[in-house]
Amino acid sequence: MPDDAPPPHIRSDDPASFAASVLRDRHPAIVARILADLPLPAAARDGLARLLQDPTVTPLPRDAHDHEDWDRWGEPYFGQSMFDVPFLWAENYFYRRLLYATGYHEPGPWRGIDPFGPQKAADLPGEDELRAVQESGDALLHLPEGEQASALVAAALWGNRADLGFRLAHGIAEAHADLVADDTGLLWKCLAGGGTVCVVADNAGRELLPDLVLIDFLLRAGRVKRVELHVKPAPYFVSDALTADVLAELRRFPADSAIGRRLWAALRAGTLELVTDPFYCAPLEFPQMPAGLAARFGAATLTVLKGDLNYRRLVGDRSWAPETSFAEVTGYFPGPVAALRTVKSDVVVGLAAGVEEQLPASWRTSGAFAMVQVRV
């Protein structure tokens, strides 16, 4: 982090802010979708209703397996409204309370049932899409190296919105038109060291698909020897990828898909390893990561953090000036790090001077712009 005191954490106490709209509007919509998708018992429905009706931060019930951790994390905020505590913390707290209400961790018939499962299943790619992915993955090997990098990074950035760059030319053009920070060249140089690369996943479904294609390409082309794909240990932030989501996606590949076969084989051989840690479902930022996770990142040739939530945890969910140095803010990270992020929240660092003045007022929360940032 920079030597000067960092700016304050983003909060939700301004009713006109994006953060307030998430707590006020998005969270009730998330609960409504769960209630429509799952025949939850009355106790679960009542628990979800209470979560929406009372925004007060309170300790987790004593039968929650992790209540002691949440007591420690929440002690400064108990008795306050979720709108008055740091936004990132409030979002994490909401999802933990949601999992308690639906019985995900507790003994009973709903234990281990992903409340977002139906939404994730609806976003799984179909067979025709996966065949197109196979064809495009094969075509990548015949492109010049620079075009390979552009296509794969564009796909990983935009997920289904850019048609993955699986319609390669369209994906590349769209991604570069809307990149507000672009370290793609440096990223590709880092992805040629032959060591281990950690990929910290974001969403399941169609947004996970280009991550798997990128991993397959890096291993097949010999650009890395090994990949760790980090996923959440429990459902979080609706669409976040779990081990079960990765396996569900791999099972969707047609039997004759070379990509699917190679990825299964890589998992068995250990050249692709699925990794998770309780940290990924905690209301913490990466400077607070546990020693074991820091050791993994420190030993990696590069850590690639996907998505908006990981970005907020990496740089700190704070009101940074947009020209704040990405390298300085991430200087604490134990190894080289890259962020691939579609911008969907207020926090931004690493912009060149004058860039923001050229963008629309709502650019930070529109999902229409992206960033590729690398610190070696």
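**Note on the predicted model: sheet, helix pair and buried loop**

1. Leaving aside neighbours within four places in sequence, Q134 is in contact with S257, A258, I259 and R262. The structure is a predicted model, and this note should be read accordingly. Q134 belongs to helix 6. Its relative accessibility is 11%, and since buried means under 20%, Q134 counts as buried. Q134 and N203 are 69 residues apart in sequence, and their C-alpha atoms are 21 Å apart in space.

2. Two of the partners of Q134, A258 and I259, lead to helix 12, in which A258, I259, G260, L263 and A266 are buried. Against which elements do the buried residues of helix 12 pack? They pack against helix 6 (127–140), helix 10 (209–220), helix 11 and strand 4 (272–275). Helix 12 has twelve residues, and the distance from its first C-alpha to its last is 16 Å, close to the 16 Å expected at 1.5 Å a residue.

3. The packing of helix 11 with helix 12 can be described in detail. Helix 11 covers residues 243–252 and helix 12 covers residues 258–269; they pack at an angle of about 140 degrees, with their axes 9 Å apart. Angles over 145 degrees would count as roughly antiparallel and those from 65 to 115 as roughly perpendicular, and helix 11 and helix 12 are therefore oblique to each other. Helix 11 contributes L247, L250 and R251 to the contact, while helix 12 contributes L263, W264 and L267. By class, this contact has five nonpolar residues, one charged residue and no polar residues. L263 thus appears both among the buried residues of helix 12 and in the contact with helix 11.

4. The sheet should be considered next. Seven strands form an open sheet with mixed pairing, in the order 1-7-6-5-2-3-4. Strand 1 and strand 4 stand at the edges, each with a single partner strand, so one side of each is left without a neighbour in the sheet. On average, neighbouring strands of this sheet are turned by 15 degrees against each other, direction ignored.

5. Individual pairings illustrate the mixed character of the sheet. Strand 2 (residues 196–200) and strand 3 run parallel and are joined by five bridges; V197 stands opposite V227 in strand 3. Helix 14 (residues 307–315) packs on the sheet, where it touches strand 2, strand 5 (302–306), strand 6 and strand 7. The direction of helix 14 makes about 135 degrees with that of strand 6.

6. Strand 7 has a neighbour on each side in the sheet order, namely strand 1 and strand 6. How does strand 7 pair with strand 1, parallel or antiparallel? Strand 1 (residues 179–182) runs parallel to strand 7, and three bridges join them. Strand 6 (residues 337–342), by contrast, pairs with strand 7 in the antiparallel sense over six bridges. M371 of strand 7 marks a place in both pairings: A181 stands opposite M371, and R341 also stands opposite M371.

7. Is strand 7 mostly covered or mostly open? Strand 7 (residues 370–375) is mostly covered, with six of its six residues buried. In a regular strand the side chains alternate between the two faces of the sheet. In strand 7, A370, V372 and V374 lie on one side and M371, Q373 and R375 on the other; these residues are all buried, and both faces are covered.

8. The loop between strand 3 (226–230) and helix 11 merits attention for its backbone. F237 lies in this loop and has a phi near 45 degrees, a positive value in a residue other than glycine. V238 is found in the loop between strand 3 and helix 11 as well; its phi is positive too, at about 70 degrees, although V238 is not a glycine. F237 counts as buried at 13% relative accessibility, and V238 counts as buried at 16%.

9. D240 is also in the loop between strand 3 and helix 11. At 2% relative accessibility, D240 counts as buried. Which residues does D240 touch, not counting those up to four places away in sequence? They are K120, D202, N203, A204, K232, D245 and L309. D240 and E207 are 33 residues apart in sequence and 9.8 Å apart in space, C-alpha to C-alpha.

Terms used: Residues are numbered from 1 along each chain as its sequence is written. This is a predicted model: local features need pLDDT of at least 70, side-chain atom pairs count only at pLDDT 80 or more; totals for chains, interfaces and linings use all residues. Side-chain values use heavy atoms; hydrogens and water are left out. Axes are lines fitted to C-alpha atoms, for helices over the stretch in contact, and angles run from 0 to 180 degrees between N-to-C directions. Helices (H or I, at least four residues) and strands (E, at least two) are DSSP runs, numbered from the N terminus. Angles under 35 degrees count as roughly parallel, over 145 as roughly antiparallel, 65 to 115 as roughly perpendicular and the rest as oblique. Contact means heavy atoms within 4.5 Å. Ala, Val, Leu, Ile, Met, Phe, Trp, Tyr, Cys and Pro count as nonpolar, Asp, Glu, Lys and Arg as charged, and the others, Gly among them, as polar. Buried means under 20% relative accessible area, exposed over 50%, partly exposed in between (1.4 Å probe, protein chains only). Two strands pair if DSSP finds at least two bridges between them. The expected span of a helix is 1.5 Å times one less than its number of residues.
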